[in-house]
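Here are my notes on this one, written down as I went through it. Have the structure open next to you while you read.

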Amino acid sequence: MSWKTALYNYVHAKNQAELEGSAAPLEAYVTDSAYVRTQDVRVRRLLNSYQDRDAKLLRGETKLRLSGVRESGQGIIADIRLHRYLYYQIGSTEHVEERIETERVTIDSMAHRWQVRYTESLQAEKSLSSRQRGFLLPEPEDFVEGLRRAPSLPYINHSILGGSTQESALRKIIYNRPKVVEYAETWWEKPNPKFEEFEVDCTNFVSQCLFAGGAPMDYTGKRDLGWWYAGRRGHQELWSFSWAVANSLQSFLSHSRKGLHGHIVHDPRELQPGDTISYDWDGDGRFQHNVIVIGKDANGMPLVNAHTYNSRNRYWAYKDSPAWTERTKYVFVRVADEM
């Protein structure tokens with residue numbers, strides 16, 4: 001058996017583990033017992049989530065792409081990209097969830113048999129703070145203060161804006177939810193080259209979706225004021241915290257009263273395509289992840305698209321996420337239809 005066969009067996013076992021709700025299929029191909037235990041917790045949560053939804057798992061499929069391979073004293077180290085499909089049924093309706101997973105897998109030969117010895121994810125669903133991301137200014141502790149208006153500076157990327165800010169200010173803007181969904185479906189798997197791509201890209205992606213639906217940018221030229229994006233000038237980053245930092249966007253959407261704004265609802269079933277969900281994995285009051293709602297399942301529950309851990313038609317609760325904990329809190333934001 002070659003190392004490639006060992007890799008393919010590992011990927012097949014990942015599919016089987018999700019369908020069975022047990023990491024047992026991985027034990028024959030992975031020697032990293034800690035990883036197997038972690039996966040067992042995750043897939044059991046996933047199975048319980050489907051049972052709670054009265055959903056029947058049908059099958060899983062994975063497209064594997066090698067993005068880099070090198071030999072080392074530890075064996076073969078392979079960077080892989082997995083495009084995963086999970087098919088399930090609720091009543092008579094069939095759904096499919098898609099995910100992009102990137103991993104670094106170490107494969108070595110023990111007793112003349114290739115096995116996966118270690119694997120690590122190359123992505124995360126926890127957003128970094130603005131300070132961690134190397135932004136020039138500290139992220140404000142209370143972003144509500146940043147809602148005051150300031151004179152706009154000419155930091156406008158017209159190739160993205162595609163219109164006059166003065167015209168936008170004079171007319172009432174109707175939030176175009178189908179356009180939001182169209183954008184989220186087009187760019188969930190890959191970055192739009194018209195925008196910067198961040199290492200932790202979830203909020204940048206959600207902001208792009210909101211903007212595609214007609215949400216007007218509030219240009220202030222200040223990192224902690226408004227909601228705006230104008231690209232990069234040399235090493236200068238021209239976008240607001242609220243555009244790219246999870247906690248800042250959540251605060252802006254919830255507290256803004258004109259332009260882009262929304263209100264918090266307490267039942268996820270009240271959300272519509274084009275609305276947002278924010279995730280506080282630790283329950284400490286600061287949000288680390290954002291997603292955009294793109295549809296509903298057969299039970300009327302939101303399905304979402306997201307970046308960083310790129311996902312399509314993912315169930316909103318995220319209980320299979322490595323970042324999810326029992327302390328996880330959600331905020332459901334109903335974006336205003338008129339701005």
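1. Let's start with a helix: which residues of helix H5 (residues 177–187) are buried? They are Arg 177, Val 180, Val 181, Tyr 183, Ala 184 and Trp 187. These buried residues sit on the same side of H5, because they cover an arc of only 160 degrees around the axis. As a reminder, an α-helix has 3.6 residues a turn, so residues three or four places apart point the same way. Do keep in mind throughout that this is a predicted model.

2. What does that side of H5 pack against? The partners of its buried residues are helix H6 (202–212), strand S9 (289–296), strand S10 (302–306) and strand S12 (329–335). There is also a polar contact to look at where H5 starts: a side-chain oxygen of Asn 176 comes to within 3.1 Å of the backbone nitrogen of Lys 179.

3. For the overall picture, the protein has eight helices and 12 strands. Of its 339 residues, 55% are buried. Among contacts with a separation of 6 or more, 63% are between residues 24 or more positions apart.

4. Now the charged pairs. The salt bridge count comes to 29. One of them joins Arg 84 and Glu 101, whose closest N and O atoms are 3.2 Å apart. Arg 84 belongs to strand S2 (residues 75–90) and Glu 101 to strand S3 (residues 93–110), with the two positions 17 residues apart, so to speak: the pair links distant parts of the chain. Both Arg 84 and Glu 101 are buried.

5. That pair is also part of something wider. A network of salt bridges links Lys 14, Glu 18, Arg 42, Arg 84, Glu 97, Arg 99, Glu 101, Glu 103, Arg 314 and Asp 320. I'd colour these residues by charge and take a look at them together.

6. Arg 232 deserves a paragraph of its own. Its side chain meets that of Glu 196 in a salt bridge, at 3.4 Å from N to O. Arg 232 is in strand S5 (residues 229–233) while Glu 196 is in the loop between H5 and H6, so this salt bridge ties together parts that are 36 residues apart in sequence. Arg 232 is partly exposed, at 39% relative accessible area, and Glu 196 is partly exposed as well, at 26%. Arg 232 also forms a salt bridge with Glu 237, at 3.9 Å from N to O. Glu 237 counts as buried, because its relative accessibility of 15% is under the 20% cut-off.

7. The loop between H5 and H6 also holds Glu 199. Is Glu 199 buried or exposed? It is exposed, with a relative accessible area of 72%. The C-alpha atoms of Glu 199 and Thr 308 are 7.3 Å apart, although 109 residues separate the two along the chain.

8. Ser 311 is in strand S11 (residues 311–315), and at 0% relative accessibility it counts as buried. A polar atom of the Ser 311 side chain lies 2.8 Å from the backbone oxygen of Tyr 309. Leaving aside residues up to four places away in sequence, Ser 311 touches Glu 98, Arg 99, Trp 188, Val 304, Asn 305, Ala 306 and Tyr 318.

9. How many cavities of 30 Å³ or more are there? The count comes to two, and the largest cavity holds about 80 Å³ of space. Its lining is made up of Leu 46, Ser 49, Tyr 50, Arg 53, Glu 97, Arg 314, Tyr 315, Tyr 318, Lys 319 and Asp 320. Helix H2 (33–52) and S11 are the elements that give two or more residues to this lining, and H2 provides the largest share, three residues.

10. H2 turns up again at the second largest pocket, which has about 470 Å³ of space. This pocket is lined by 22 residues, and the closest to its centre are Tyr 35, Thr 38, Gln 39, Ser 121 and Pro 322. H2, S3 and strand S4 (113–121) each give two or more residues to the lining. The largest share, seven residues, comes from H2.

Technical notes: Residues are numbered from 1 along each chain as its sequence is written. This is a predicted model: local features need pLDDT of at least 70, side-chain atom pairs count only at pLDDT 80 or more; totals for chains, interfaces and linings use all residues. Side-chain values use heavy atoms; hydrogens and water are left out. Buried means under 20% relative accessible area, exposed over 50%, partly exposed in between (1.4 Å probe, protein chains only). Helices (H or I, at least four residues) and strands (E, at least two) are DSSP runs, numbered from the N terminus. The arc is that of the directions from the helix axis to the C-beta atoms. Contact means heavy atoms within 4.5 Å. A polar contact is a pair of N or O atoms within 3.5 Å; within protein, one must be able to donate a hydrogen and the other to accept it, and residues adjacent in sequence count only if both atoms are side-chain atoms. A salt bridge is a side-chain nitrogen of Lys or Arg within 4 Å of a carboxyl oxygen of Asp or Glu. On a 1 Å grid over the protein atoms alone, a cavity is a set of points where a 1.4 Å probe fits but cannot get out, and a pocket is an open set with protein on both sides within 12 Å along at least five of seven lines; lining residues have an atom within 4 Å of a point. Grid points are joined across faces, edges and corners, and a volume is the space filled by probe spheres set on the points.
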